[in-house]
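Visitor: I have a structure open and would like to talk it through with you. Could you start with whatever term we will need along the way?

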Amino acid sequence: MRKIILIIALSLFLVACNSTNLEQSVIESSEEEIISDYIFYKVEDKVANDNEFNAGSKIDELNLTDDNIENLKIIGKIWGFLKYYHPYVAKGEYNWDYELFRVLPMILEVEKPEERDSILLSWIASLGEYEAGNFPLKNESEIKKDVDFKWIEDFNLSQELVSQLTHIKNARRRLNNKYVNINSQNLVPIFSNEKSYAIMRYPDTGYRLLSLYRYWNIIEYYYPYKYLIEEDWNNVLEEFIPKFIKASDELDYQLVSLELITRINDSNAGIEDSKALENHLGVNYPPIKVTFVEGNLIVTGYYDKELGEESGLKLGDIISKISNKTVEEIVVEMEPYIPASNYPSKLSKISKDILRTNEDSLSIEFIRDDENYLLELACYKQGSINSKKSDYIGYSDSYYKDIDSDIGYMNIGLFRSQNEGEFIYRTYNKKGIIVDLRSYSLASYNEILGSYFLEESTEYANFTKTSLEDPGVFSFQDVNERIRVTSRTHYQGKLVLIINEETQGQFELATMLFKTSPNTIVIGSNSAGSNGEISSLYLPGYIRTQIPGLGVYYLDGGEIQRIGIEPDIVIHPTIEAIKEGRDELLEKAIEIIHQGE
């Protein structure tokens with residue numbers, strides 16, 4: 001049935017398009033891409049016959065004068081504002097992507113601001129009359145982040161246009177929007193009707209501007225941590241207009257997009273499954289793991305023990321140059337394209353990619369015992385070595401191991417729900433359990449493990465939610481995150497949690513939950529500071545990225561994002577311990593459990 005519906009929808013679309021080339025391109029696309037791009041072309045949809053820009057925006061050459069950049073900034077702001085605030089646009093009465101391509105050429109031809117504002121007024125008037133609002137939708141006491149409409153006054157628009165935009169801001173909006181919905185279970189925004197334009201791997205100039213405007217406005221209205229970006233988001237829009245226009249090919253376009261995404265300073269951001277970016281970084285990996293320790297790039301492990309030892313590098317070696325560039329120079333080059341909530345997290349991400357190459361080897365300079373050495377480091381395809389990015393192996397390569405008769409160790413990154421019974425059986429009589437959270441996972445085991453580590457139900461986190469009536473407003477939810485402890489066996493011993501900059505998302509929530517137990521101590525360094533249920537979205541050219549769709553806070557409303565969870569005892573690895581093959585954080589955890597014996 002699903003395929004029949006797809007074929008019918010696709011047939012109607014192709015008839016409407018009347019384009020042999022487009023038909024062939026669609027046939028060559030995957031079923032998922034077709035559904036994402038074209039299933040909204042239903043017979044009853046008012047925009048079904050709007051096919052004017054299916055093959056391109058018809059916008060190529062743009063004269064980048066200061067006036068044009070200013071006008072492009074204004075139209076990008078207003079286009080996004082109307083998308084989420086104008087009742088008829090939100091309802092889906094127009095193909096809003098294509099409306100941008102209709103108004104842009106007119107805006108680019110104006111010579112005076114008055115002409116621009118007149119065009120915008122006529123455009124807005126053509127969208128139809130709407131019901132006035134100007135009624136309170138917000139409970140001010142619950143708001144964490146309000147929307148900023150100061151730009152309406154600051155952009156030096158005509159008073160008539162300012163008045164019209166203000167009326168739209170106060171319009172009565174329904175609880176639906178074609179371009180964004182709210183998940184009824186976790187309350188995160190869903191951007192399900194944003195076309196990916198999968199055929200256009202290198203979109204034309206108009207579509208590249210659409211990409212910039214789409215992402216910029218999603219952050220403006222539906223990113224819960226916009227206020228933590230630490231720069232004027234309006235200035236970012238202006239900065240990237242020339243960059244998106246000048247992007248010269250698919251790789252350049254994706255790099256510019258990644259640079260924009262990086263500017264929100266969030267470890268959950270990035271571009272997923274991009275062959276262009278993967279090939280740019282390099283498809284070959286060395287058999288060694290490197291990490292930034294004490295300000296240096298240090299060999300801290302082997303992905304493949306045999307190949308790693310054969311490489312000639314040892315634990316604790318300091319890599320100083322790669323292909324005749326200093327590590328510091330490479331870090332500066334990589335920083336603009338590495339999304340991260342804080343600098344330790346950025347360095348952690350850089351360390352995973354800094355030795356990637358498309359060659360069979362890398363020229364390496366390294367320091368050992370104050371002596372400098374040169375080495376040709378062999379590199380291998382990812383599938384031939386264990387080079388996965390979630391690469392913290394921990395004390396054990398399985399989810400659990402006995403350290404001794406009194407202490408159990410859990411690598412939570414390898415734990416699965418089916419391990420629950422065995423884990424309880426093996427740890428119930430232990431004096432202490434060490435839970436290693438130095439990894440990342442989308443899976444949550446808070447209910448399972450919380451019921452074991454805690455004796456009573458408890459609240460441990462506060463969340464914000466967004467709104468379709470007031471896009472850009474984030475208010476605290478009525479119900480805090482709560483673990484409901486079931487009637488069962490509860491662990492009575494000491495619990496030591498190990499965290500660092502790799503501890504992200506669900507494992508940060510787990511840390512917040514487990515530390516509510518009075519028998520818990522957290523050691524290590526600040527966690528990644530990247531929280532919130534994920535909302536995925538597409539940009540033109542089949543670029544898939546994501547943002548947290550809701551904000552996560554301590555119960556008192558205190559910040560976690562970008563800061564991370566602070567440990568009770570701060571411990572950082574040292575080069576000397578790495579040389580000796582010791583895990584100082586694990587050693588400290590064992591010491592804490594044995595204290596008082």
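Guide: Let me begin with a cut-off: a residue is called exposed when its relative accessible area is over 50%, and buried when that area is under 20%. Please also keep in mind that this is a predicted model.

Visitor: Okay, so is aspartate 273 buried or exposed?

Guide: Aspartate 273 has a relative accessibility of 68%, and because that is over 50%, it counts as exposed. As for its place in the chain, aspartate 273 belongs to the loop between helix 12 (250–262) and helix 13 (275–281).

Visitor: What about the phi of aspartate 273?

Guide: Aspartate 273 has a positive phi, about 55°, although it is not a glycine. For background, most residues other than glycine have a negative phi.

Visitor: Which other aspartate has a phi near 55°, and where does it lie?

Guide: Aspartate 369 has a positive phi near 55°, again in a residue other than glycine, and it sits in the loop between strand 9 (361–368) and strand 10 (371–378). With a relative accessible area of 57%, aspartate 369 is exposed.

Visitor: Switching to the sheet with strands 12 and 25: what is the strand order?

Guide: The order is 12-13-14-19-21-25, in an open sheet of six strands with mixed pairing. Strand 12 (400–402) and strand 25 are the edge strands, each of which pairs on one side only.

Visitor: How do strands 14 and 19 pair, and how many bridges join them?

Guide: Strand 14 (residues 432–436) and strand 19 run parallel and are joined by five bridges, and within that pairing isoleucine 434 has valine 496 of strand 19 as its bridge partner. Moving on, strand 19 (residues 494–499) is also joined to strand 21 by five bridges, with the two strands running parallel, and there isoleucine 498 stands opposite isoleucine 523 of strand 21.

Visitor: And what is on the other side of strand 21?

Guide: Strand 21 is joined to strand 25 (residues 569–570) by two bridges, and these strands run parallel; glycine 524 has valine 570 in strand 25 as its bridge partner. Strand 21 (residues 520–524) is largely enclosed by the rest of the structure, because four of its five residues are buried.

Visitor: Where does asparagine 411 come in?

Guide: Asparagine 411 lies in strand 13 (residues 407–411), and its relative accessibility of 2% is why it counts as buried. Measuring from C-alpha to C-alpha in the model, asparagine 411 and arginine 438 are 8.4 Å apart in space, while in sequence they are 27 residues apart.

Visitor: Which helices lie across those strands?

Guide: Helix 17 (residues 420–427) lies across strands 12, 13 and 14, running at about 15° to strand 12. Helix 21 (residues 584–594) lies across strands 13, 14, 19, 21 and 25, and runs at about 165° to strand 19.

Visitor: New topic: at what angle do helices 6 and 10 cross?

Guide: The axes of helix 6 (residues 96–109) and helix 10 (residues 205–222) cross at roughly 120° and come within 10 Å, which means that helix 6 is oblique to helix 10. The crossing of helix 6 past helix 10 is right-handed.

Visitor: Which residues meet there?

Guide: From helix 6 there are Asp97, Tyr98, Leu100, Phe101 and Leu104, and they meet Gly206, Tyr207, Leu209, Leu210, Tyr213 and Arg214 of helix 10. The residues of this contact divide into eight nonpolar, one polar and two charged.

Notes:
Residues numbered from 1 in each chain as written. Predicted model: local features only at pLDDT ≥ 70, side-chain atom pairs only at ≥ 80, totals over all residues. Heavy atoms only, no water. Axes fitted to C-alpha atoms, helices over the stretch in contact; angles between N-to-C directions. Parallel < 35°, antiparallel > 145°, perpendicular 65-115°, else oblique. Left-handed = near helix turned anticlockwise from the far one by under 90°. Contact = heavy atoms within 4.5 Å. Nonpolar A, V, L, I, M, F, W, Y, C, P; charged D, E, K, R; others polar. Buried < 20%, exposed > 50% of the residue type's maximum accessible area, 1.4 Å probe, protein only. Pairing = 2+ DSSP bridges.
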